[in-house]
Amino acid sequence: MSEQALPTDVRVVVNSIGLTKADYRGNPSTLCQGCGHNSISSQIIAACYELNLYPEEIVKFSGIGCSSKSLFYFLNRSFGFNGLHGRMPSLATGALFADHTLRGIGVSGDGDTASIGMGQFKHLLRRNMRLVYIVENNGVYGLTKGQFSATADQGLELKSHGINPYMPIDIAWEALVGHATFVARSFAGDPKQVKELIKAALNHNGVAVLDIISPCVTFNNVDHATHSYAWGKNHETALHELSYVPRAEEILLEYDEGETREVELHDGSVILLRKLGRDYDPTNREAAIKVLEEANSCHCLITGLIYIDPNQPSMWDIFQLTDTPLNRLKENQLRPPQETLAELNRVFQA
Amino acid sequence: MEIKLQIDEQLKTESKIINDFSITVATVNGSGSQTSNAAILRAIFKMGIPVSGKNIFPSNIQGLPTWYTIRVNKDGFVARKREADILVAMNPATFVKDLESLIPGGAFFYADDIRLAITRDDIVAYPMPVKHLIRQVDIPAYLRDYVANMVYVGVLAQMIGIDLEKIRQALEFHFKGKAKPVEINFGVVSLAAEWAKENLEKKDPYLLQPMNATSGLILTDGNTAAALGAIYGGVQFVSWYPITPATSLAENLQQYLPKLRKDPETGKNTYVVVQAEDELAAIGMAIGAGWGGLRAMSSTSGPGLSLMTEYLGLGYFAEVPVVVWDIQRVGPSTGLPTRTAQGDLTFVAFMGHGDTQNIILMPGSVNECFEFAWKAFDLAEQFQTPVIVLSDLDFGMNQWMGRPFEYPDVPMNRGKVLWEEDLEKLDGKWARYLDIDGDGIPYRTVIGNRHPKAAYFTRGTGHDEYANYSEDPEDWHALLNRLKKKFETFKPYLPQPVQEKTEGAKINLVSFGSTEPAIQEARAHLKKQGITTDFTRLRSYPFTDKVKEICSHYERNYVIEINRDGQLHQLLRMHFPELASKMISYAYTDGLPLTAKQLVDFIVSKEKQDE
Ligand SMILES: Cc1ncc(C[n+]2csc(CCOP(=O)(O)OP(=O)(O)O)c2C)c(N)n1
Ligand code: SF4
Ligand SMILES: [Mg+2]
């Protein structure tokens with residue numbers, strides 16, 4: 001692939017299959033500057049590049065939302081299908097049966113997954129389809145302009161929607177109780193961890209859920225933010241039209257394993273990130289449940305690989321399909337011979 | 001007693017009625033009567049006599065009344081007939097009503113443990129000692145209830161002349177050759193027949209005589225035919241969610257696919273069947289698979305189709321091939337879920353928001369259920385669009401005679417798909433939505449194609465010819481118009497109307513789907529009354545000019561359908577407004593298949609008015 005002759009004076013960095021980073025790129029993003037979703041796209045690109053995957057062997061899927069739009073901003077050389085709101089799991093399931101040698105990456109939002117798509121999400125998990133399922137979780141409906149999503153914290157106050165009176169849905173928790181065989185959580189501002197988790201997920205034989213907290217820099221809670229973050233958003237919003245989308249920087253942070261960090265988000269709220277320690281065993285389901293429950297009671301977010309079961313058969317394994325991808329089978333493999341129909345007719349005949 | 005004797009005399013003098021009557025079996029659902037009724041039906045069919053079987057059943061698993069009607073007709077008119085000539089009463093709950101519904105002179109077979117009075121003297125009543133006979137059968141007690149219904153099979157066989165050997169063959173068909181159940185059931189049939197021979201005296205006029213009118217024909221239901229047609233059409237992906245009356249289509253696929261579609265060398269499967277979590281997911285999967293280059297389908301009924309609508313709209317706009325069978329039942333809402341109708345036509349025609357147009361295939365026989373099942377894949381892939389096949393409960397779940405299924409006479413048409421070598425030749429120069437051939441149908445690639453220029457992005461949002469996001473007014477306008485052009489391109493490829501002409505006919509009976517048997521019978525009756533008719537059965541939508549040409553030929557076109565609002569009538573008038581004054585609607589729905597009589601009554605009254 002990509003064997004174009006290059007000018008000798010240009011040094012091009014390629015991976016071990018001879019592809020450059022550019023071979024993994026997508027179209028320029030039209031999401032807001034500083035949107036967490038953009039940094040996740042970058043890490044998908046980095047992970048695939050570093051894993052030496054041919055883009056042609058990856059298929060992208062999404063539902064509807066800002067998050068789902070981001071599909072267009074990475075891996076242009078991969079096929080992609082931006083489907084319906086909340087219904088990416090079924091789309092991916094059907095499509096991936098066409099060629100079992102491909103890897104699927106699905107991108108969804110918290111609205112797309114935890115509200116309209118909860119049913120399909122849960123059923124994707126129990127079927128264990130081989131798909132990396134990334135939820136770009138910002139606690140709001142970005143694309144429809146800032147309504148509460150089902151993952152929004154109880155008591156969270158948003159400018160035009162008041163206080164959220166309901167309990168949140170925890171996607172990692174849902175994934176775990178739904179028998180997902182790979183459950184991870186990360187923060188879009190921690191690119192290294194995001195990338196490492198995507199790499200692990202791409203290598204998982206089954207469904208891999210990545211719940212990535214991905215701040216929405218636009219629909220935040222500026223009016224009530226008492227803590228200011230060094231980007232002056234409060235001031236800017238007050239000065240501009242309502243439809244103005246202020247520039248913001250991505251939140252970047254680095255922290256060590258086992259450490260707990262307080263992170264102030266764009267809306268002024270605070271999340272706690274605690275990295276799981278080195279002694280944590282992600283193959284122990286009970287421990288995973290415990291760690292999520294503990295995190296819940298101390299109002300912090302656990303990031304890292306929470307659970308993995310590498311031994312469950314994937315949906316493909318169950319179906320015992322031909323080695324040749326189904327979509328390459330020829331007519332003689334698909335249309336049974338004429339004698340078989342004659343035999344059937346005899347059975348139905350007088 | 002004296003009256004009874006009088007009737008006996010009367011009956012004796014009347015000539016026998018041979019191979020022309022209908023039998024209604026009244027039972028309780030869940031009592032195993034299906035096997036008995038199927039055995040009677042298939043045995044009569046095997047005797048060479050034209051026959052059909054319709055199950056009028058409740059939306060319930062056990063304990064509610066069910067009626068199975070068998071129409072026997074030497075002239076081949078096997079549409080539903082309202083009146084029963086013979087009634088088998090096995091259900092105490094409906095006994096009184098069943099007895100009342102029998103025509104004068106009819107035969108009434110009843111289980112003698114139903115202790116209700118026979119209140120009519122103008123019929124012949126035959127008691128059947130069901131419980132008593134079953135007690136004599138040497139089988140474990142728990143099996144007795146299951147085979148009790150075989151008693152009426154035996155008694156009927158003796159009294160109306162069903163060949164016992166044919167009943168045995170029918171049971172072999174039903175139990176797929178399994179010896180034990182055939183033996184047990186047939187044992188009961190023989191015992192009951194023997195009992196009837198010794199204890200009952202024939203006093204009714206109804207008799208069967210072997211004919212040679214069914215040799216070479218098959219007897220099956222539309223859902224079996226559709227499943228087999230799909231398999232011979234190379235179906236690769238099926239996703240479905242259970243709903244009466246579509247369930248048996250998917251279940252037949254599940255039954256036959258493992259036998260017909262394993263790779264002979266490796267024993268590996270060349271198909272996937274997934275029972276989805278709902279219709280939203282069933283269609284999502286099918287659209288995904290169709291997009292991925294598989295022959296993908298789903299089967300459902302009205303409520304499920306409603307849930308599929310958004311994805312089908314996306315399928316239309318993003319140009320994804322997929323086939324969906326709508327086995328129509330009575331709506332709106334859950335309506336009468338176990339009864340038949342043709343009420344989804346206009347819904348399907350415009351299904352989707354914005355400007356959508358869908359290809360609809362409308363099979364009119366079990367043979368067409370088979371044929372359209374494989375053709376639907378060719379059309380969907382050739383035109384890169386969803387194809388909806390409109391069947392109904394009457395087709396899907398009832399037993400119809402047909403010709404043997406015909407093997408597809410053309411190779412599969414996989415449409416304009418470019419693989420690696422094609423892109424190599426094109427030097428990678430192609431665009432997903434570019435209308436190169438001027439027929440509105442662009443080329444597509446499918447996943448797994450390793451050529452670096454193969455991939456494109458599929459979306460429900462506005463896009464240009466290169467599959468890039470676009471809100472450009474010109475792009476949008478051009479795209480929708482290309483889709484419309486595609487719609488024009490495929491019209492001639494769709495199944496054209498079936499026509500039957502008679503010398504001098506001034507009126508035409510227009511229909512679609514499962515109503516043909518009733519219409520043909522009605523035409524014969526009308527002819528006797530001096531009303532000559534032609535017949536046109538539409539087999540696809542959008543309509544072609546051929547339809548217009550046919551209809552413009554007549555003074556009056558009676559548009560016949562099983563719904564309230566005359567949906568076919570609406571569509572015809574919409575497409576051909578100039579013919580509106582020549583279209584008369586006969587739309588009637590009560591949950592049951594059409595009868596010839598209701599149609600004759602309507603047309604005669606209309607034609608008289610016209611004189
Ligand atoms: C069936 C349907 N209902 C509603 C919408 C409108 N809609 C578009 S995006 C969206 C919410 C997206 O939220 P989320 O998944 O959290 O994505 P985000 O934009 O926050 O990344 C909604 C409700 C739609 N496109 N389709
Ligand atoms: S609205 Fe929020 S989620 Fe959407 S692109 Fe902007 S920052 Fe991202
Ligand atoms: Mg969101």
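**The ligand 1 site and the chain B sheet**

In this predicted model, a polar backbone atom of V140(A) sits 2.9 Å from an oxygen atom of ligand 1. Two further backbone N or O atoms approach oxygen atoms of the ligand: that of C66(A) at 2.8 Å and that of L143(A) at 3.0 Å. The protein covers 78% of the 590 Å² of accessible area (Shrake-Rupley method, 1.4 Å probe) that ligand 1 has on its own.

Residues are numbered from 1 along each chain as written, with chains lettered from A and ligands numbered from 1 in written order. Local features need pLDDT of at least 70, side-chain atom pairs count only at pLDDT 80 or more, totals for chains, interfaces and linings use all residues, and side-chain values use heavy atoms, without hydrogens and water.

Ligand 1 lies between chains A and B. Its shell (residues with a heavy atom within 4 Å) holds 19 residues, with C66(A), S67(A), D110(A), D112(A) and G142(A) the closest. Helix 4 of chain A (helices being DSSP runs of H or I, at least four residues; strands, E, at least two) gives the most to this shell, with three residues.

Turning to chain B, seven strands form an open sheet of mixed pairing, in the order 11-10-12-13-15-14-21 (strands pair if DSSP finds at least two bridges between them). Strand 11 (272-275) and strand 21 (540-541) are its edges, each pairing on one side only. Strand 12 (residues 296-300) and strand 13 (residues 322-328) run parallel, joined by four bridges; S299(B) has W325(B) of strand 13 as its bridge partner.

Technical notes. Polar contact = N/O pair within 3.5 Å; in protein donor to acceptor, adjacent residues only side chain to side chain.
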